[in-house]
Amino acid sequence: MPMKTIIEPFRIKVVEPIRMTTPQERALLLEQAGYNVFLLRSEDVLLDLLTDSGTSAMSAEQWAGIMRGDESYAGSPSYYRFEDAVKEVFGFEQVIPTHQGRAAERILFQTLCSPGDIVPSNTHFDTTRANTEAVGARPVDLPVPEGLRPSDPAPFKGNLDVDRLEALIEEEGADRIPLVMLTLTNNSGGGQPVSMANIQAVARVCRAHGIPLYMDACRFAENAYLIRLREEGYADRPVAEIAREIFSWADGCTMSAKKDGLANIGGFVATNDPELARKQRNMLILTEGFPTYGGLAGRDLEAIAIGLREVLHEDYLEYRLASVRYLGERIAAGGVPIVQPPGGHAIYIDAAAFLPHIPPLELPGQTLVAELYLEGGIRGVEVGTVMFGRRDPETGEESPASMELVRLALPRRVYTQSHVDFMVEAILDFAARKEAVGGYRFTYQADVLRHFTANFEPLYDLGV
Ligand code: F0G
């Protein structure tokens with residue numbers, strides 16, 4: 001039987017209007033925002049692909065859970081439903097709610113790391129890197145070599161390089177490494193998954209040296225489904241079972257429920273170590289809240305408990321991965337270079353390869369982000385020299401990032417196939433006139449995390 005279209009496995013009960021603007025309006029709005037799309041009002045954006053974090057559409061069941069939320073300060077039934085869901089999906093014994101992922105990271109690193117320690121990872125996300133550094137420890141990224149080659153279609157480019165991990169342990173000593181972390185999927189490396197074989201290999205090295213293994217589990221369901229699609233022996237396994245197998249190799253995890261929790265806020269840290277959990281709960285009380293709410297409302301805990309189970313529905317994951325792949329394959333077929341293969345939550349355009357006439361220090365990713373907004377009211381995010389380049393504080397000299405990417409992250413259950421078709425048309429319309437655009441320069445930048453607040457100036461005539 002011929003394959004039928006993979007459809008959105010839901011119908012729509014509540015709608016939010018989105019508003020088209022004219023190119024002239026967008027040119028003015030962009031200028032007023034200092035050409036930084038973070039500084040636009042979201043009502044002026046037609047299709048918002050800035051992030052998949054906290055932007056999911058909740059289900060009718062989740063909204064029902066919101067009504068059921070019990071707001072007792074201590075011992076709320078909403079907490080126990082949340083704890084049951086985390087235990088069922090992840091299999092860890094100790095569950096500590098937090099207001100979002102980075103709070104879980106802070107608690108984990110502050111209770112496990114000391115100054116001078118080293119924390120290896122496939123690739124630290126910005127907030128895990130910053131939280132590692134905040135306790136005086138050093139984050140070390142050990143991606144496999146193919147993870148740094150955008151056009152390489154290897155299936156598991158999120159893997160950690162096990163040889164380099166062993167060499168690092170040999171060199172520095174296991175007692176300086178309080179944990180190893182695996183980011184599922186590898187967001188900073190293109191949303192690429194980690195294979196079960198790699199998880200097992202990393203876990204074996206960790207066990208041999210008595211080092212705990214933690215997962216940054218933000219996009220665990222997408223990673224589990226990509227294992228099912230791409231790794232031998234998993235094609236017929238229920239994805240919930242694959243997820244349990246992933247976490248059976250770990251000692252604990254941090255989670256931002258704003259991604260694969262299908263919730264708008266929330267997170268947790270989980271572990272099998274009761275002694276560590278006791279310390280973490282004491283720290284939680286200091287800044288987040290009592291251990292049965294951890295900075296969340298009871299209704300948020302309900303939404304997460306339901307979301308963690310819904311995200312493992314096979315028809316949802318089939319649609320989710322198909323829509324990301326559809327966007328990637330359509331623009332790649334039109335000649336737009338993307339990080340291959342399409343990953344779990346986003347398509348990353350290789351702006352350096354797409355706009356080779358713009359040198360890295362003239363910010364080709366920033367050009368692409370600005371042009372996608374001008375072309376179609378689409379908001380993506382630069383992941384290149386604006387975000388990761390460095391400016392010498394003495395000389396003002398800029399050095400570029402290792403890659404010039406633009407991430408188009410798809411919010412979960414929010415946009416339909418015709419929205420994605422519109423994205424494809426806008427990107428390909430821009431591609432047809434890309435030779436005429438030039439670069440950008442900074443007119444203002446902060447010393448840290450400059451991408452959020454920077455202002456820019458185009459080095460060419462926008463022609464609007
Ligand atoms: N880990 C990963 C892999 C992430 O992608 C994020 C957030 C976090 C941790 C932190 O979670 O935001 O709940 O504190 N990523 C968002 C993004 C911001 O746009 O990729 P949080």
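Helix 4 (residues 101-112) supplies the largest share of the shell around the ligand, namely three residues. The model is predicted, and the description of the ligand site below refers to that model. In total, 17 residues surround the ligand. The closest of these are T51, R102, D216, S256 and K259. By residue class, the shell divides into seven charged, eight polar and two nonpolar residues.

Polar side-chain atoms approach the ligand at several points. For T51, a polar atom of the side chain is placed 2.7 Å from a ligand oxygen atom. For D216, the partner is a nitrogen atom of the ligand, and the distance to a polar side-chain atom is 2.7 Å. The side chain of K259 likewise has a polar atom at 3.1 Å from a nitrogen atom of the ligand. Of the 470 Å² of accessible area that the ligand has on its own, the protein covers 93%.

A second site examined was S121, a residue of strand 3 (residues 118-121). S121 has a relative accessibility of 0% and is therefore classed as buried, since the class takes in values under 20%. Two polar pairs involve the side chain of S121. One is a polar contact with the side chain of N122, at 3.1 Å. In the other, a polar atom of the S121 side chain lies 3.2 Å from the backbone oxygen of M181. M181 also appears among the residues that S121 touches when those up to four places away in sequence are not counted. The remaining members of that set are V140, D141, L142, L160 and T183.

The third site is M196, which lies in helix 7 (residues 196-208). M196 counts as buried because its relative accessibility is 0%. With neighbours within four places in sequence left aside, the contacts of M196 are I227, E231, Y234, I242, E245 and I246. A further spatial relation links M196 to N223: the two residues are separated by 27 residues in sequence, and their C-alpha atoms are 9.6 Å apart in space.

Note on methods: Residues are numbered from 1 along each chain as its sequence is written. This is a predicted model: local features need pLDDT of at least 70, side-chain atom pairs count only at pLDDT 80 or more; totals for chains, interfaces and linings use all residues. Side-chain values use heavy atoms; hydrogens and water are left out. Helices (H or I, at least four residues) and strands (E, at least two) are DSSP runs, numbered from the N terminus. Buried means under 20% relative accessible area, exposed over 50%, partly exposed in between (1.4 Å probe, protein chains only). A polar contact is a pair of N or O atoms within 3.5 Å; within protein, one must be able to donate a hydrogen and the other to accept it, and residues adjacent in sequence count only if both atoms are side-chain atoms. Contact means heavy atoms within 4.5 Å. A residue is near a molecule or strand if one of its heavy atoms lies within 4 Å of it. Accessible areas come from the Shrake-Rupley method with a 1.4 Å probe; for residues, only the protein chains shown count as cover. Ala, Val, Leu, Ile, Met, Phe, Trp, Tyr, Cys and Pro count as nonpolar, Asp, Glu, Lys and Arg as charged, and the others, Gly among them, as polar.
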